[in-house]
Amino acid sequence: MPGKKILIVDADVASRNFVARKLLEQNFEVIQCGSGKEGLIYAWRDHPDLIIVDPVMADLKGEEIAIKLKQDPRTTNVPLIALSGDQSHLRLKSCLDAGFNEYIIKSGQAVATLNETINRLFGITEEIMKQGGLLIIFLSAKGGTGTSSLCANFAMNISQHQPEMRVAVLDFVLPIGSIAPIVGYQGGQNIVTVTDMSPDDTTPEFFRHELPHMNIWRFNLLAGSPDPESSNQLKVGRIWDIVTAVKASYDYVLIDIGRSLSKITLPLIQHADIVTLVVGTDISTVSLTKTLWDYLKSKGVHSDALYTILNRAVGLEGLSKVDAESMLGITVNKSIPYLGTNFAFANSHHQPFSLKFPKDTASIIFQDTAKEMSALAQKLRSG
Ligand SMILES: Nc1ncnc2c1ncn2[C@@H]1O[C@H](COP(=O)(O)OP(=O)(O)O)[C@@H](O)[C@H]1O
Ligand SMILES: [Mg+2]
């Protein structure tokens with residue numbers, strides 16, 4: 001769960017580092033210290049969202065720490081977990097009485113129990129993820145397959161087909177975003193400047209009013225990183241909060257992650273309503289896509305949520321739909337023909353393809369695809 005800070009207070013360095021590593025793997029921000037007194041200082045100074053304390057410590061007992069934290073307005077509402085080597089029932093009771101929310105015994109099961117407990121205390125349940133706008137992720141195994149062009153154009157078609165719906169497009173491609181040049185956005189706001197803002201300011205209201213509207217594109221845009229240097233400054237821990245806030249203000253949230261699959265983007269893919277996989281028609285791209293899809297499957301992404309597009313971006317040659325399907329082992333939902341230089345032409349004029357070439361059959365394919373995608377997302381959401 002990116003965007004949440006956890007403080008670990010434990011005198012046992014090995015145990016502390018072990019827990020810290022497990023939490024870092026889940027994109028939590030972790031701070032740690034080895035004594036009770038430091039624990040109190042860190043808790044009041046660094047505003048953690050959750051505190052894990054080993055109650056067996058030399059300077060202050062866990063129970064004393066819990067009482068102090070619960071009495072102080074800065075930490076009275078912060079969830080407290082005791083992670084303890086003491087298996088006695090007496091200790092468990094005295095810790096819970098002192099204000100710990102949970103008591104977990106250090107054992108082989110501890111990490112699993114800890115994860116489950118943290119998620120529960122943070123209220124991160126499937127229920128929560130199912131709230132807010134429909135999340136549609138666009139990704140590919142290779143650059144140049146048409147992911148950004150299709151993301152922008154489908155967003156436009158979804159919005160045109162359902163004018164009452166609010167549609168946002170977020171560009172998370174690192175190190176340089178590419179939606180802004182397609183839609184002709186030149187403003188200074190982007191994913192890097194927004195993640196730099198205080199969490200108190202990046203509210204659903206902020207995104208509702210401050211994401212620029214791209215007029216003929218009919219969606220609001222959070223532009224991508226303008227250059228690699230800015231992308232190095234990106235506060236990745238904020239991404240999760242930002243997506244949640246945007247989801248709270250829009251009916252559809254389309255995110256272009258291009259080929260930037262990473263620790264940061266994986267949780268988004270895992271919680272997406274639809275994962276749109278854009279595949280090129282050459283053998284090497286299809287085979288890379290197979291590797292990508294096998295990985296996503298191993299991470300719990302379900303093929304029900306998968307929407308596969310075979311896009312003939314580079315020319316007439318290449319694999320057929322049937323060939324691609326048999327190589328990938330999945331159904332291709334839509335094939336997009338080679339559009340010659342028209343697509344690049346529409347992009348360079350910052351115009352949606354279907355406005356520039358309304359009579360082209362591809363415009364009809366785009367409309368159909370947008371309808372199909374939104375229907376699928378709604379159907380999956382309603383269970
Ligand atoms: N079906 C297509 N026919 C012709 N050109 C295409 C097609 N799909 C994409 N393109 C062109 O390919 C180029 C790369 O597309 P882009 O969306 O930037 O890919 P990606 O985001 O995957 O790197 C663009 O110039 C785009 O116009
Ligand atoms: Mg791109």
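## Backbone, core and cysteines

R218 lies in the loop between α10 (204-210) and β8 (220-222). Its phi is near 65°, a positive value in a residue other than glycine. At 36% relative accessibility, R218 counts as partly exposed. The model that carries these values is predicted.

H47 also has a positive phi, about 50°, although H47 is not a glycine. This histidine sits in the loop between α2 (36-46) and β3 (50-53). Is H47 buried or exposed? H47 counts as exposed, because its relative accessibility is 53% and the exposed class begins over 50%.

The peptide bond from L174 to P175 is cis. Its omega is near 5°. P175 is found in the loop between β7 (167-171) and α8 (179-183).

**Overall build**

The protein has 18 helices and 12 strands. Its C-alpha atoms fill a box of roughly 75 × 45 × 40 Å, taken along the principal axes. Of the 383 residues, 52% are buried. Contacts across the sequence are plentiful in one respect: among those with a separation of 6 or more, 75% join residues 24 or more positions apart.

The exposed surface is about 17,000 Å². Carbon and sulfur atoms supply 54% of that area. There are 36 positive and 40 negative side chains. The centres of the two sets lie 2 Å apart.

**Nonpolar cores**

The largest nonpolar core has 44 residues. Which residues have the most contacts inside it? They are L170, F172, F207 and I255. Helix α12 (residues 239-249) gives the largest share of this core, six residues. A second, separate core holds 41 residues, including A152, A155, M156 and V167.

I255 shows how the largest core is joined across the sequence. Leaving aside neighbours within four places in sequence, I255 is in contact with L135, I136, I137 and F138. On the same basis, I255 also contacts L170, F172, V243 and L268. Two of these partners, L170 and F172, are themselves named among the residues with the most contacts in the core.

**Cysteines and a buried threonine**

How many disulfides are there? The count comes to zero. C95 is in no disulfide, and the nearest cysteine sulfur, that of C33, is 17 Å away. A disulfide needs the two sulfur atoms within 2.5 Å, so the C33 sulfur does not qualify as a partner for C95. C95 counts as buried, at 0% relative accessibility. C151 is likewise buried, at 0%.

T285 belongs to helix α14 (residues 283-298). Why does T285 count as buried? Its relative accessible area is 2%, and buried means under 20%. Not counting residues up to four places away in sequence, T285 touches K142, T145 and G280.

The relative accessibilities given above are collected here.

| Residue | Relative accessibility | Class |
|---|---|---|
| C95 | 0% | buried |
| C151 | 0% | buried |
| T285 | 2% | buried |
| R218 | 36% | partly exposed |
| H47 | 53% | exposed |

Technical notes. Residues are numbered from 1 along each chain as its sequence is written. Chains are lettered from A and ligands numbered from 1 in the order in which they are written. This is a predicted model: local features need pLDDT of at least 70, side-chain atom pairs count only at pLDDT 80 or more; totals for chains, interfaces and linings use all residues. Side-chain values use heavy atoms; hydrogens and water are left out. A nonpolar core is a set of buried Ala, Val, Leu, Ile, Met, Phe, Trp, Tyr and Cys residues joined through side-chain atoms within 4.5 Å. Buried means under 20% relative accessible area, exposed over 50%, partly exposed in between (1.4 Å probe, protein chains only). Helices (H or I, at least four residues) and strands (E, at least two) are DSSP runs, numbered from the N terminus. Contact means heavy atoms within 4.5 Å. Accessible areas come from the Shrake-Rupley method with a 1.4 Å probe; for residues, only the protein chains shown count as cover. Lys and Arg count as positive and Asp and Glu as negative; His and the chain ends are not counted. The place of a charge is taken as NZ of Lys, CZ of Arg, CG of Asp or CD of Glu.
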